[in-house]
Amino acid sequence: SYMNLPVYRDLYHLNVSLLNIIENIPKIHRHTLGNRIVDTGLSSLRLLQRAYDATSHLERLHEISSLFSEIETLSTYLRIANESKIIPLKKATNLFTQLDKIKRQLVGWKKATKEKLT
């Protein structure tokens with residue numbers, strides 16, 4: 001099951017962190033940037049499941065690319081939130097550390113999947 005993947009566990013914990021942080025941001029931003037951050041984090045989990053469930057290596061590569069793109073979007077939203085002082089630096093740094101770990105795992109997964117194609 002995809003739930004046993006280290007990248008799933010890391011992405012799951014990132015989403016828990018996001019929910020906890022968003023709950024504490026100013027109300028004026030919670031329903032705009034806050035919702036986008038949470039939605040993007042949650043859709044990343046769905047994309048991870050789709051990548052895991054892919055029936056071919058080519059399909060898996062496509063899904064991993066979609067997931068990576070979603071993670072990049074999340075990074076951008078978090079940078080905006082941090083630079084706008086909506087998310088404190090210490091919390092943002094923790095989120096970026098988690099994101100980097102997830103990205104490294106996705107790069108490895110993509111590389112391993114590409115090798116199976118050749």
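Here is a chat about a predicted model, and about how its labels follow from its values.

Reader: How many salt bridges does the structure hold?

Author: The structure holds three salt bridges. Let's take them one by one.

Reader: What makes Lys 101 and Asp 10 a salt bridge?

Author: The closest N and O atoms of Lys 101 and Asp 10 are 3.7 Å apart. The cut-off for a salt bridge is within 4 Å, so the pair gets the name. This pair also links distant parts of the chain: Lys 101 is in helix H4 (residues 89-117) and Asp 10 is in helix H1 (residues 6-22), 91 residues apart.

Reader: Is Asp 10 buried or exposed, and how do you know?

Author: Asp 10 has 16% relative accessibility. Buried means under 20%, so Asp 10 counts as buried.

Reader: And why is Lys 101 called partly exposed?

Author: Its value is 42% relative accessibility. Partly exposed is the range between under 20% (buried) and over 50% (exposed), so Lys 101 lands there.

Reader: What makes Arg 50 and Glu 63 a salt bridge?

Author: Their closest N and O atoms are 3.1 Å apart. That is within 4 Å, so Arg 50 and Glu 63 count as a salt bridge. Here Arg 50 sits in helix H2 (residues 27-53) and Glu 63 in helix H3 (residues 57-83), 13 residues apart, and the pair links distant parts of the chain.

Reader: How do you know which labels Glu 63 and Arg 50 get for accessibility?

Author: Glu 63 has 6% relative accessibility, and under 20% means buried, so Glu 63 is buried. Arg 50 has 42%, in between under 20% and over 50%, so Arg 50 is partly exposed.

Reader: What about Lys 103 and Glu 72: how do you know that they form a salt bridge?

Author: The N to O distance between their side chains is 3.3 Å. Since the limit is within 4 Å, the two meet in a salt bridge. Lys 103 in helix H4 and Glu 72 in helix H3 are 31 residues apart, and this pair too links distant parts of the chain.

Reader: Why is Lys 103 called buried?

Author: Lys 103 has a relative accessible area of 17%, and buried means under 20%, so the label fits. Glu 72, at 31%, is in between under 20% and over 50%, so Glu 72 counts as partly exposed.

Reader: On to the helices. Why are H1 and H2 called roughly antiparallel?

Author: H1 and H2 pack at an angle of about 165 degrees, with their axes 10 Å apart. Angles over 145 degrees count as roughly antiparallel, so H1 and H2 get that name. Their crossing is left-handed.

Reader: Which residues of H1 and H2 meet?

Author: Among them are Val 7, Leu 11 and Leu 18 in H1, and Ile 37, Val 38 and Leu 45 in H2. Sorted by class, the contact of H1 with H2 has twelve nonpolar, four polar and one charged residues.

Reader: What makes H2 roughly antiparallel to H3?

Author: The angle between H2 and H3 is about 165 degrees, and their axes are 9 Å apart. Over 145 degrees counts as roughly antiparallel, so H2 is roughly antiparallel to H3. The crossing of H2 and H3 is left-handed, and the residues of their contact divide into 14 nonpolar, six polar and six charged.

Reader: Back to single residues. Why is Ser 75 called buried?

Author: Ser 75, found in helix H3, has 1% relative accessibility. Under 20% means buried, so that is the label for Ser 75. Leaving aside residues up to four places away in sequence, Ser 75 touches Phe 96, Leu 99 and Lys 103.

Reader: How do you know that Lys 85 counts as exposed?

Author: Lys 85 has 72% relative accessibility, and exposed means over 50%, so Lys 85 qualifies. Lys 85 is found in the loop between H3 and H4. Its phi is near 60 degrees, a positive value in a residue other than glycine.

Reader: What about His 62: buried or exposed?

Author: His 62, in helix H3, has 53% relative accessibility; exposed means over 50%, so His 62 counts as exposed.

Methods
Residues numbered from 1 in each chain as written. Predicted model: local features only at pLDDT ≥ 70, side-chain atom pairs only at ≥ 80, totals over all residues. Heavy atoms only, no water. Helix = DSSP H or I, 4+ residues; strand = E, 2+ residues; numbered from the N terminus. Buried < 20%, exposed > 50% of the residue type's maximum accessible area, 1.4 Å probe, protein only. Axes fitted to C-alpha atoms, helices over the stretch in contact; angles between N-to-C directions. Parallel < 35°, antiparallel > 145°, perpendicular 65-115°, else oblique. Left-handed = near helix turned anticlockwise from the far one by under 90°. Contact = heavy atoms within 4.5 Å. Nonpolar A, V, L, I, M, F, W, Y, C, P; charged D, E, K, R; others polar.
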